[in-house]
Amino acid sequence: MGICDGRTVIVTGAARGLGRAYALGFAAEGANVVVNDIGTSLGGEGRDTSAADGVVEEIKAAGGQAIADYEDVTDWDAAKRIVDAAIETFGDLHVVVNNAGIVRDRMFVSASMEEWDATMHVHLRGHFCIARHAVNYWRAKQKDGQNPDARIINTTSGAGLQGSIAQAAYSTAKGGIASLTLVQAAELGRYGITSNALAPSARTRMTEQAFADKMATEGEAFDVMDPANIAPTVVWLGSGGSSDVTGCVFELEGGKIMLEDGWREGPVIDKGARWDSADVGSAVEKLLQQRAEPRKVWGT
């Protein structure tokens, strides 16, 4: 018996890296898995369905249930087809793992509009489309008196939580996803839907390019950067046992599970009257002296 027996899960970007680890992890715990991946390059170009097919073959060879899906999560109608395929094949849908993404690394002064738009399109629109169609299905179930016991699991990043040099677009998109998660959790709980986000640190096509030295841990006794390390927490968040956990962002690395504390009100000075512009500088200086030491932007 697995902790996800009978549950149906859609994992986007599931052909490689973290997505593949999630798909295999869910299947090992008894879930039916929709392996969604259009097979693009790291920058979002091209198409290759063979990688998704390979993950499905792995799952079936181990005795699990899975189908491959090659629809584009950024296309509104295609995203509905992904949801429909899960329901038609397995009879229900319980979890959406929004993992698909691209990266277009560039210093801000050199960034182009095309790179900016492409990054926002895949990360933000991609997270929106498929989750929106899934919510339609779950909301209808709840109105029919059924408990969807449903999960949205989003993917943010350390870049989205603290910024990263040469990743203005990626950081902005990932920060937006963290905020989206909070809103989803606040709005969707009434329908039996939770929403949480991950900021995983693991060896993928993206991180091997940007953080090659940190990712080179294969020869160590514990391969801290193995993507499979992240999967158990993701699988648990998709299980029935996580129904009381929502609106959280988890940073995951190796054997580490860290709960983000989020934006909180910090030091304050209240004059009790309107400020003079000339006096604001000294007040801000005092506030900066009182604040907790901020985390550094990645790459600084």
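1. Val11 sits in strand 1, which spans residues 8–12. The model is a predicted one, and the remarks below should be read with that in mind.

2. Is Val11 buried or exposed? Its relative accessibility is 0%, so Val11 counts as buried; the cut-off for that class is under 20% relative accessible area.

3. Which residues surround Val11? Leaving aside residues up to four places away in sequence, Val11 touches Gly19, Tyr22, Ala23 and Phe26, then Val33, Val34, Val35 and Asn36, and also Val97. For one of these contacts, Phe26, there is a backbone distance: the C-alpha atoms of Val11 and Phe26 are separated by 9.5 Å, with the two residues 15 apart along the chain.

4. On the surface there is a patch of positive charge, formed by Arg132, Arg139, Lys143 and Arg190. Of its members, Arg139 belongs to helix 4, residues 113–143. Arg139 has 33% relative accessibility and therefore counts as partly exposed, a class that lies between the 20% and 50% limits.

5. A nonpolar patch is also found on the surface, made up of Ile269, Trp275, Val280, Val284 and Leu288. Together these residues have about 380 Å² of accessible area.

6. Where does Val284 of this patch lie? Val284 is part of helix 10, which covers residues 277–290. Val284 counts as partly exposed because its relative accessibility is 38%.

7. To put the two valines side by side: Val11 in strand 1 is buried at 0%, whereas Val284 in helix 10 is partly exposed at 38%.

Definitions and conventions. Residues numbered from 1 in each chain as written. Predicted model: local features only at pLDDT ≥ 70, side-chain atom pairs only at ≥ 80, totals over all residues. Heavy atoms only, no water. Helix = DSSP H or I, 4+ residues; strand = E, 2+ residues; numbered from the N terminus. Buried < 20%, exposed > 50% of the residue type's maximum accessible area, 1.4 Å probe, protein only. Contact = heavy atoms within 4.5 Å. Patch = residues over 30% accessible without salt bridge, like charges linked within 9 Å, V, L, I, M, F, W, Y side chains within 5 Å. Areas by Shrake-Rupley, 256 points an atom, 1.4 Å probe, with all protein chains shown as cover. Salt bridge = Lys/Arg side-chain N within 4 Å of Asp/Glu carboxyl O. Lys, Arg positive; Asp, Glu negative; His and termini not counted. Charge placed at Lys NZ, Arg CZ, Asp CG, Glu CD.
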